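Please open the structure in your viewer and keep the sequence panel beside it, since each stop on this tour is given as a selection to make.

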Amino acid sequence: MSGVSGPPASAPTAPGRLPLIGHGHQLARRPLEFMNALREQGSVVKILIGPTAAYVVTDPAVTRRVLVTEVDAFAKGGKIIDALRVFFGDGLATIADGDLHMKHRRLMQPMFNKSHIATRGDVMISHVRAATEAWAEGVARDTYEDMNDLTLSTFLVALFGSGLPGHVEQEFQGLMPEIMRGTIRQTILPGWVTKLPLPANRAHERRVARLRVLIDQAIDHHRAQLASAEQPAPPPGCPAHQDGAQAEGTASQTGLFSTLLTADDPETGPLSRQQLQDEAITLLTGAIETTGTTLAWTLYEISRNPGIERKLHAELDAVCGERPLRQEDLGSLPYMRSVLKEAMRMYGPAWLVTRTTTRPVVLDGVPIPEGADVVYSPYVHQHDPEVYADPAAFDPGRWEPERAKSINRSSFLAFGDGRRKCIGEEFAWTELLIVLATVVQRWRLTLTSAPPRPQAIVTVKPDKLSMTPQPRVPTTAQEHEEQPTPS
C-alpha cells in the first residue's frame, strides 16, 4: 500500500471523454498518443471504457507493485483478458491466478528450457534460410507480412515438427490478424455491444471456431509423428528397414509440443484435448504477433541506420565468417541482441495490459475499489523520458552493460514481470536471433514505401512496410576496420 500520509486522493480523470462510450473513441482512434499523454495527468489516471472506470498506471515503479510486490491484490483479468479468453480459453496467458495456473506453468516449463530449445535450433535455422533464399532480388516485399509468415512457419516447425499440412499454416496466417482485430474491438466497446448478434460479432465467433479446428489438426499430426517415432526399427537387411529409417528421421523431427502431449500430472493426469488446444493457441498467438512485429520494426530501423547495419555485419562476419549461421553462434551476437531489445523498447510490442483488483487498494495515494480494472502500458513505460534519454531515438547502445545499469528494470516490460512473466522468453530470443541473423547475413533491405507509422492492434505494428531485398556483398575484415563505429 502507499506510504503517503493523509486521506487518499481521487484519481484524476483523463480529459476528452464522451457520453456512453467514455474514452473508447480515443483508444480506437489514437491509442498510443492518448496513453502516452496520460503520464502528464499523474501516476494513476482514471479512464472510462463505456460507463466502466479503469485505472491506468503510468509510473514504472507503481506498475512493479501491481506485477510483483503486491501481486495478490491484482489478478490477471480485465476487459482485454476477457476478450482474449474468448479464443485463448484457459491458456497460460489468460488462466486465472492460483493452483491451476502454477500447475500449467510447471507442465510447460520443460518445453522452454534453454537446452530443449537448442535441440530445435538448427532445424529452425534451416527452415528460415530456405524461406529467405527464395526471395527475389530487387522485388519489393511486404516486410511486416513476411516476418509474421516467417515467424509463424518457423514456430510451427519448432512446436509441431515438420510436415504439417500446408493448408493449416496458410489458414493460421489468414485467421490470426482478423481474430486480433476482433479482439481489440471487443476490448474497447461496451460489453453489451459485443454480445449483440451483429455481423462482426458472428464473424469473430466463426473465426475462433475455425482456429480450434486447425489446432486440433496440428495436434493430431504431432501425435501421429510421436507414434511413428516410437515404432521399433526393423533389423538391417529387412525389407522394412527403409521404413524404420524413416521412423528414425521422424523422431528427430518431433517438436517442442511433445512435452505437453506426454505430460502427466500425478494428481490430475494428462492435459485434456481442450487444455492442449488452449495452450497451443496461446503459444501461437505470442509467436506471431510479438516476434514478427519486433523483427519488422528491427529491419526497418537497420535500413535507415547504416552505422548499425555495418556493426551487425561486422559481428556476424566475426562469428560466422562465410559459413551459414549455427545454433551455437547465437550466444556470440551481443550487439544483435541489443538491436532487437531496442526495437522491443521503442515499439512495444504490447501496448495495453490489464489486471483486476481482488480487494480495495490504495495505489500511490489513489483509492481503487475491489473488482476494478487496472491498466498499464509497456509502450508508455518504455518511452518514459525520465528513464530513457531521448526515447524517440533508436539507440541500441543504451543496452550496453554500463549504460544499461541506469535503466530501471521495471521500465522494460516486453516480457512482463513477476509470476506471470512470459514463459517463452528464451524461445522468443532464439527465434528473433535466428531470423534476424539469417536475413542480415544474406540480404540488405531498402525501404520502398513511406516511413511506417505505429498502429496499435494487439502489438504496435507498422501500418505499411514495403522493403526491397538486395544480395549482401561480403565485407572484408580490413573494410570493417576502416568503417566508423556507430555511437
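What follows is a walk through a predicted model, with a pocket, a sheet, a helix and two backbone positions as its stops.

**The largest pocket**

Begin by selecting Leu32, Glu33, Pro454, Gln455 and Ala456, which are the lining residues that lie nearest the centre of the largest pocket. The lining as a whole comprises 24 residues, and the space in this pocket comes to about 470 Å³. To see which parts of the fold surround that space, colour helix H1 (24–29), helix H2 (31–37), helix H8 (166–188), helix H15 (334–347) and strand S10 (454–456), the elements that each give two or more residues to the lining. If you then colour the lining by residue class, you should find 15 nonpolar residues, three polar ones and six that are charged.

**A three-stranded sheet**

Next, display the strands S4, S12 and S9, which form an open antiparallel sheet in the order S4-S12-S9. Strand S4 (141–142) and strand S9 (443–447) are at the edges, and because each has a single partner strand, one side of each is left without a neighbour in the sheet. Zoom in on the pairing of S4 with strand S12 (residues 466–471), which is antiparallel and runs over two bridges; here Asp142 can be found opposite Ser466 in S12.

**Helix H3 and its N-terminal cap**

Move now to helix H3 (residues 60–69), and show the side chains of Pro60, Val62, Thr63, Arg65, Val66 and Leu67, which are buried. Which residue caps the N-terminal end of H3? Select Asp59, and draw a distance from its side chain to the backbone of Ala61: a side-chain oxygen of Asp59 lies 2.8 Å from the backbone nitrogen of Ala61, and this contact caps the helix at that end.

**Two residues with positive phi**

The last stops concern the backbone. Select Leu20, in the segment before H1, where phi is near 70°, a positive value in a residue other than glycine. Is Leu20 buried or exposed? Its relative accessibility is 77%, and because over 50% counts as exposed, Leu20 is placed in the exposed class.

Finally, go to the loop between helix H16 (378–381) and helix H17 (401–404), and pick out Asp390 there. Asp390 is likewise a residue other than glycine with a positive phi, in this case near 50°, and with a relative accessible area of 53% Asp390 is exposed.

Notes: Residues numbered from 1 in each chain as written. Predicted model: local features only at pLDDT ≥ 70, side-chain atom pairs only at ≥ 80, totals over all residues. Heavy atoms only, no water. 1 Å grid on protein atoms, 1.4 Å probe; cavity = no way out; pocket = protein on both sides within 12 Å on 5 of 7 lines; lining within 4 Å. Points joined across faces, edges and corners; volume = space filled by probe spheres on them. Helix = DSSP H or I, 4+ residues; strand = E, 2+ residues; numbered from the N terminus. Nonpolar A, V, L, I, M, F, W, Y, C, P; charged D, E, K, R; others polar. Pairing = 2+ DSSP bridges. Buried < 20%, exposed > 50% of the residue type's maximum accessible area, 1.4 Å probe, protein only. Polar contact = N/O pair within 3.5 Å; in protein donor to acceptor, adjacent residues only side chain to side chain.
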